[in-house]
Structures are given as C-alpha cells and as structure tokens.
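User: Please take a close look at the salt bridges of this model. I would like to know where the partners sit along the chain and how far each one is covered.

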Amino acid sequence: MEEEKQFLCGVVEGFYGRPWSMDQRKVLFQWMQRWGLNTYLYGPKDDLKHRLLWREVYSPEEEAQLRTLIAEAQFRGLRFVYALSPGQDIVFSSSCDLTLLKRKLKQVSDQGCQAFAILFDDIDHSMCQADSEAFASFAHAQVTVTNEIYQFLGEPDVFLFCPTEYCGSLCSPSVSKSHYLQTIGEDLLPNITVIWTGSKVISRKLSLDCLAEVESVLQRSPLIWDNLHANDYDSRRLFLGPFKGRDPKIRSHLRGLLLNPNCEFEANYIPLHTLGTWYRTGKEEMKDEELEYCPDGALTAALHDWMEELNQPLQAGRQNSRADQRVSVVSSRSKTPDRSSCRSTFRATSAVAKLPVFPLNSSSPPSSPPMGKREREGEKERTQQSSQQPPVSRSGAPTGGGRAQKAQGRGLCGGKGLLSEAQVRLLVGLHYLPHEHGPSAQKLLQDLTWLKTNCHLVSTTGKKTQPQKVDEWRGRASRFLSLCEEIAQLHCSVVGGVNRAVLYDLYPYVWDLRNTALVAKAFISWLDGRVLGDSSNLGSWRNCFHWCGKTTGVDVSGVDSEPWVFKGGVSGEVQVLLPIGNSSELFTHPPPLFPTSRLYNIRPYHNKDKVELYRMVRQLHLRTQGGQESSMAHPDVIGDRCLGPCLALSPEYSFVLEDELGVCGCVLGILDVGSFAKRCQATWIPAMRDKYPPKGNNTLTNSQDLIRLMEEDQGEYPDSLLYHFPSQLRLDALPELVDVSVSRTLITALFTALKANGSQGVFCEVQPTDHQRLEFLTKLGFLEILRGEARSREGVVLGRLL
C-alpha cells in the first residue's frame with residue numbers, strides 16, 4: 001500500500017520537437033536515480049504510433065528498443081509510464097477501435113511496462129454522430145473507454161488520465177462549475193489519476209487553494225504535468241533556471257508531479273537537479289523536520305554540480321549509433337493547445353530544424369565544429385597578409401604588435417577550455433524562467449530601457465546642458481556595454497568548451513543572444529553624440545516613440561498570461577526596445593551549420609579607422625579585379641571612391657565590424673541622400689579634383705575616370721524613390737566572413753541608427769552580376785525597386801522600409 005501511494009516525481013518527455021536519443025535517455029535515468037526522482041513518462045508525439053498511428057503495433061525492432069528502455073528505467077529504480085494519445089480520431093463507441101487500443105497497450109505491457117497513461121488533451125470537443133448517439137457527453141465517452149482499458153490491464157497501480165480540460169484556463173465556465181470535470185470526477189474509477197497543469201498551461205505558481213479546488217471537483221488528488229521549463233512554443237527561448245513557484249507543501253494535494261522540460265536535453269541539468277532537491281525537501285518535511293525549499297540555494301548546488309558536467313569532454317548529442325537514432329521514436333510535447341488550432345502560438349515544424357546545428361543524418365555529430373574550406377582559406381590569407389601589413393588594434397588604429405601575433409593568439413577564444421562559474425551564472429540568468437528573468441537579464445533590460453528613455457541627454461543638442469546627467473548616462477552605458485561584451489565572451493566560451501553535447505544544445509540560443517547584444521551594444525555606443533535632438537526637422541527617435549517598444553515582455557504578458565504571448569525571451573525584449581523592434585526577420589534566422597568561436601564586435605566608426613578601411617576595400621578591389629598593388633598609382637584611389645564621401649560627410653552613420661585580427665567589415669549609411677548629394681558636389685568632388693590634378697599632359701592613372709565615376713555615384717535619384725527610401729547604405733566585408741549572420745547584424749546596427757534619427761526607408765545599389773549580395777539583401781527584406789532607371793549606368797536599386 002505504501003508503494004502504491006508513493007508520490008510520483010520525475011520527468012515527462014512531452015514536448016514538440018526533435019526526440020531525445022536513447023543515449024540521452026540513459027543519461028536521464030542516471031540523473032534521476034542520482035537525484036532521487038522515481039518516475040519517467042514516455043509521451044512521444046513525434047512517435048507516429050503514439051498519436052497519429054496509435055492503432056498500429058510496434059515492429060519487432062521497435063519492440064526491442066521499447067523493451068530495452070523499460071528495462072533500463074527499472075534497473076535505475078524508476079517507474080516507466082507508457083502514454084498513448086488516441087483522442088484525435090478515436091471513435092469511442094467503436095468496438096473495433098477499443099480492440100485495437102487494447103491490443104496496442106497489451107503489446108507494451110508484454111515488454112515489461114506496468115504503468116500507463118491515456119491522453120485526451122488538445123483535441124476537438126465535438127463527437128461523431130455514432131458517439132453522440134451512444135454517450136451523453138464527451139466526458140462520458142472518454143470515461144467509459146478509460147475505465148474499460150484500466151480494467152483490461154488489470155487495474156495497474158499507476159494509471160493516468162489526461163482530460164481535455166487539463167488546466168483552469170481551459171475549463172468552461174470555471175473549474176468548480178465545469179460539467180466536463182464534474183463528470184470525470186464522478187464517473188472515472190477512483191484509482192485512476194487525473195493529469196493537471198495548474199491554473200494555466202504553463203503555471204507561474206501552483207497554489208494550495210487552486211489545487212484544493214480541482215481536487216474537490218475531481219474527487220481525487222491530481223498529478224501535475226508541469227510545463228514550467230517547456231520551451232517548445234518559442235524557438236528563441238531556453239529555461240535554465242531552478243524549479244520554482246511550487247511550495248513542497250502542495251504535495252498533500254497531489255498524487256505526483258512530472259516536469260516537462262526543455263526540448264534540448266543538455267539544458268535540463270539544473271531544472272531536474274533542483275526538482276530533485278524540491279522532492280527531497282518535501283519528503284523531509286513529512287518527517288516533521290523544519291526544512292524549506294530555497295530555489296536560490298538549490299540553484300547554487302545545481303550550478304556546482306553542473307560545472308563538472310560542463311567541463312567533461314562529451315560528444316554532441318551523446319549519440320553513439322545509428323540504431324539509437326532510428327529507435328529514438330520518442331519526441332514529445334507540452335500540454336499546450338493543439339498546433340492546428342493555434343498555429344500563431346507555436347513554432348512551425350520546420351522551425352525545429354534550427355535546433356540541431358549538425359546534419360540530421362549524421363549518427364555521430366562532429367566533436368568540434370570544423371572550419372569550412374572558405375573559412376580556412378580566408379584565415380590563411382589573412383594571416384599571410386598580417387605579416388605584410390601594419391597591424392590594427394580593436395579600434396582599427398595602427399599598433400606596434402604584429403597581426404601574425406594576433407593570428408597566433410586567437411586560440412584564446414577558439415581553443416577548447418573551461419567555462420567559469422561566473423559565465424555559467426550569466427548563462428542561466430539570461431535563460432531563466434518563462435515568467436521571470438534572472439539578475440543579468442533584468443539588469444540588461446533595465447539599463448537598456450533607461451538609456452533609451454534618456455538618450456536626449458546625449459543628443460546632438462543635449463550634452464551641453466546637463467553635465468551631471470550626461471555623466472550618469474555614460475556611466476550606465478559603460479556598464480551596459482560591458483555586459484554585452486560578457487555575452488559575446490560567453491558565446492565564445494560555449495563554442496570553445498570541451499563539452500560538445502552542451503554546445504550543440506545551447507549554441508542556437510547563445511548565438512542568437514550574442515547577435516542581439518552586438519546590435520544593442522553598437523546602438524548604445526552610437527547614441528552618444530549622434531542621435532538628433534528634439535528640434536530636428538527630420539524628427540528624432542524620442543519624438544517617434546511609436547517606432548520602438550516601450551515595455552518589456554514581462555510587462556506585456558503580465559502575471560496571468562501564458563508566456564507565449566510575448567515571443568523571443570531576452571533577445572526578443574532587447575529587440576523590442578530598439579527602434580527597429582518590429583522588424584523581426586532581422587533578428588530571427590537560422591544559425592550557421594557549424595559553430596564559430598570568432599569574437600566579433602560592432603561599433604561606430606572613428607576617424608582612426610579610415611586607414612584600415614581604405615586598406616580593406618583596396619584589397620577587396622584587387623581580389624575582384626585580379627590586379628596588382630603596384631598598378632595603383634595612388635593608394636587612396638579605391639577608398640576615396642567607395643568610402644570617402646560617407647566617411648567625410650556622414651561619419652555618424654558608419655559602423656565597423658572587427659574580430660580578433662582587426663577590421664573585417666563595415667557598413668556606411670547616408671540619412672538624407674538628397675541633401676548629401678548636394679554637399680558632395682559642393683565639397684567632396686572639388687576636394688578630389690585637387691587631390692588628383694592633371695600634371696601637364698599626363699594625369700595620375702585613372703584619376704579623371706575616378707572623378708567622373710565619383711560624380712556619377714552622386715547622381716540624382718528620382719523623387720519617387722527618395723520619398724519612400726530617403727537613406728542609402730553600402731556594405732563591405734572580407735570574403736572569409738563565412739557567418740552571414742554577422743553581416744546581417746552589422747546592417748541591423750545601421751538600421752537602428754537611421755530609424756532613430758527619423759528615416760523611414762533605406763536603399764542600396766548592387767551590380768546585377770552580384771547575385772550573392774542580391775540574394776543576401778533580399779533575405780533582409782530589400783525589394784527590387786529599379787533596374788538601370790535611376791542611374792546613367794546599369795545597376796539594381798534595392799529598397800527596404802524601416
């Protein structure tokens with residue numbers, strides 16, 4: 001009797017997405033045994049024979065795998081619960097369907113399973129005509145079939161039933177007045193346990209009052225299917241925080257609690273470790289010992305143990321054989337509304353492809369991210385160049401050290417090493433819980449909000465009036481920039497860590513946040529002395545407050561809302577706080593196939609960067625034209641034409657991209673093309689005529705052609721184009737920059753600056769033969785506007801609204 005009433009505490013593999021591997025489940029069982037958990041529920045919705053093809057029995061190979069899994073759980077002292085979801089198309093009154101249901105569960109029972117669950121969640125309440133004639137209600141139909149199956153299986157000690165109304169928000173009209181739940185409570189056999197998720201699908205807290213209410217209606221203690229750490233509803237969120245918001249005292253109203261965690265297996269160490277602490281604390285309280293569960297204390301203990309795990313040289317996915325992959329039919333899903341009826345709430349099936357960053361058909365993902373051919377060649381070429389060119393510092397200014405020395409030293413970030421405890425705490429704080437951010441995330445969002453709100457203090461007209469306020473703004477900006485740098489270093493350390501299993505599960509999330517932090521860091525740096533004052537004719541960012549978010553995700557969703565109301569987590573909230581926060585396609589894109597440990601930085605242009613930028617575009621020109629350096633009569637010819645006008649007349653809209661070796665890209669912007677063209681004709685073109693004058697009958701090589709091309713570059717554009725797209729950009733990056741997302745992030749940084757100062761659209765000009773750049777810009781939302789009509793020479797003009 002004591003064993004029968006054992007509190008069921010453990011894990012339900014119940015999320016949408018890529019299933020865990022057999023090796024991962026074996027590790028899960030080891031964790032659960034170590035931490036005192038006792039129950040695992042197998043609820044794989046991507047196993048077709050669990051839900052869509054529930055009538056079909058398992059093949060001999062699948063049988064063997066299921067038998068092995070059950071035996072492994074039992075060996076670890078765990079109760080294995082097999083769940084089946086026939087609710088989508090079962091005919092409750094059909095004797096044939098009932099026979100097939102029994103046959104399926106009998107097959108699983110024969111493999112050694114002694115505990116079962118029937119799930120009727122996320123299905124239509126309506127019944128077919130035959131069922132309507134046979135049963136008084138939908139609840140009666142479910143109860144009748146469930147009771148018969150329970151008795152057929154010999155009334156097992158553990159038999160779970162998931163109702164269609166499985167949380168308070170889904171009950172009509174309320175929990176206490178729901179006829180559906182009342183029928184379940186009255187007619188379901190008393191030893192069958194009912195699954196419940198709390199007041200919400202993803203409940204922030206589980207209160208004694210709410211549980212007592214549902215216990216009264218169901219006439220039994222429910223089992224909680226806890227979605228606190230489930231992340232399958234948002235492809236940009238991960239939850240590494242502790243088990244929280246569940247007082248151990250609620251156990252007196254529960255039959256058990258099973259945590260439905262992150263899709264990414266390695267992300268669940270802290271959630272499950274702290275769940276074990278919660279469970280053990282509750283057991284001690286039942287012995288009248290004065291113990292309280294402390295989430296922060298449990299987190300500290302879990303972090304200490306996870307540090308050892310993180311620094312183990314584990315392979316990606318913990319997968320060893322193709323057989324394990326083939327039989328890992330388990331995938332699962334949280335108790336969330338059905339995707340067919342709430343498509344806007346959940347990521348599409350195709351979005352799951354962003355989770356693995358190694359080929360799906362690879363039985364053994366790479367132990368370390370290999371460098372692609374282009375990246376290897378580019379790295380080699382840049383290293384060779386470093387021995388011939390003056391080096392640059394992080395700011396782009398010439399330094400005394402050699403670039404070759406920097407190339408040799410870039411292993412600081414690229415080599416495999418150990419994550420520090422401070423970095424792991426930062427990682428957890430940035431990916432905490434669905435209703436709550438960790439300290440680092442809170443600080444990031446609070447500082448960004450304050451800096452945004454008070455950017456008038458450092459506007460083009462504001463910094464002369466309130467020096468103390470300006471100092472305060474710059475002090476908070478400095479702290480914000482430091483935190484963004486720590487995020488970049490965290491990404492670098494995760495990629496360079498020895499634990500490849502953790503890398504491949506966490507990489508998409510740290511990579512996404514790294515890119516968002518790069519944009520935010522560049523934007524805050526840009527604001528100081530560059531954002532226009534309120535008196536600007538174009539209108540400033542502060543005046544156009546409707547262009548950017550004024551609240552964070554926690555404010556939008558509120559305590560009583562489901563966390564999928566606001567997408568993106570910390571990355572999404574930072575995005576909303578930027579001027580282009582509504583342009584979600586700029587921030588959501590798949591990560592590169594193989595992680596890269598390069599440390600990038602994006603910042604506003606400084607005058608000392610000019611030498612290195614000129615050198616970069618000159619090298620790019622020589623590569624594309626196949627020319628030699630000696631053929632250039634003047635070293636500034638290419639730079640003056642490509643970059644000179646913007647750097648001289650519009651430097652405030654220029655951003656530099658750099659890595660450990662120095663400058664590797666830039667994007668230049670013009671806020672108002674019309675006025676810029678007039679300034680260029682008045683000052684820049686005459687300056688170039690003076691710089692490249694004719695000498696007698698001879699001129700500097702191509703100098704007159706250069707002047708002519710510069711004049712054409714500043715030619716007139718039609719008013720119809722400039723009305724919608726008043727701004728212009730130019731992007732240059734070294735070809736070995738194989739991570740396209742960095743170029744996207746660089747352009748996004750420019751967009752924030754242009755929009756902050758009132759631009760409503762931006763265009764760029766691309767040669768028709770540059771198919772790669774055309775494709776890249778198209779993915780950024782640029783549409784082809786004109787071909788060869790706006791200019792005297794042929795070109796493609798692409799525009800994008802901001």
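Analyst: K244 has a relative accessibility of 23% in this predicted model, and because buried is reserved for values under 20% and exposed for values over 50%, K244 counts as partly exposed. The partner of K244 is E436, and the closest N and O atoms of this salt bridge are 2.8 Å apart. The two residues belong to distant parts of the chain, 192 residues apart. K244 is found in the loop between β7 (223-226) and β8 (256-259), while E436 is found in the loop between α14 (421-430) and α15 (439-453). E436 is likewise partly exposed, at 24% relative accessibility.

A second salt bridge is formed by R474 and D528, with a closest N to O distance of 2.8 Å. R474 is part of helix α16 (residues 467-496), whereas D528 is in the loop between α17 (500-527) and α18 (553-557); the pair therefore ties together parts of the chain that are 54 residues apart in sequence. R474 has a relative accessibility of 36% and is classed as partly exposed. D528 is also partly exposed, its relative accessible area being 25%.

In the pair D640 and K691, the side chains meet in a salt bridge at 2.8 Å, N to O. Here both partners are helical: D640 lies in α21 (residues 637-642) and K691 in α23 (residues 673-691), so this contact ties together parts that are 51 residues apart in sequence. The coverage of the partners can be stated separately. D640 is buried, at 0% relative accessibility, whereas K691 is partly exposed, with a relative accessible area of 29%.

Besides these pairs, R55, D89 and D97 are joined into one network by salt bridges that share partners. In total, the count for the model comes to 24 salt bridges. As a general point, side chains of opposite charge can pair when their charged atoms come close.

For a nonpolar feature to set beside these charged contacts, one may turn to L48, L52 and L53, which make a surface patch of about 260 Å². L52 is located in the loop between β2 (39-42) and α2 (60-75). With a relative accessible area of 52%, L52 counts as exposed, because the cut-off for that class is over 50%.

Note on methods: Residues numbered from 1 in each chain as written. Predicted model: local features only at pLDDT ≥ 70, side-chain atom pairs only at ≥ 80, totals over all residues. Heavy atoms only, no water. Salt bridge = Lys/Arg side-chain N within 4 Å of Asp/Glu carboxyl O. Helix = DSSP H or I, 4+ residues; strand = E, 2+ residues; numbered from the N terminus. Buried < 20%, exposed > 50% of the residue type's maximum accessible area, 1.4 Å probe, protein only. Patch = residues over 30% accessible without salt bridge, like charges linked within 9 Å, V, L, I, M, F, W, Y side chains within 5 Å. Areas by Shrake-Rupley, 256 points an atom, 1.4 Å probe, with all protein chains shown as cover.
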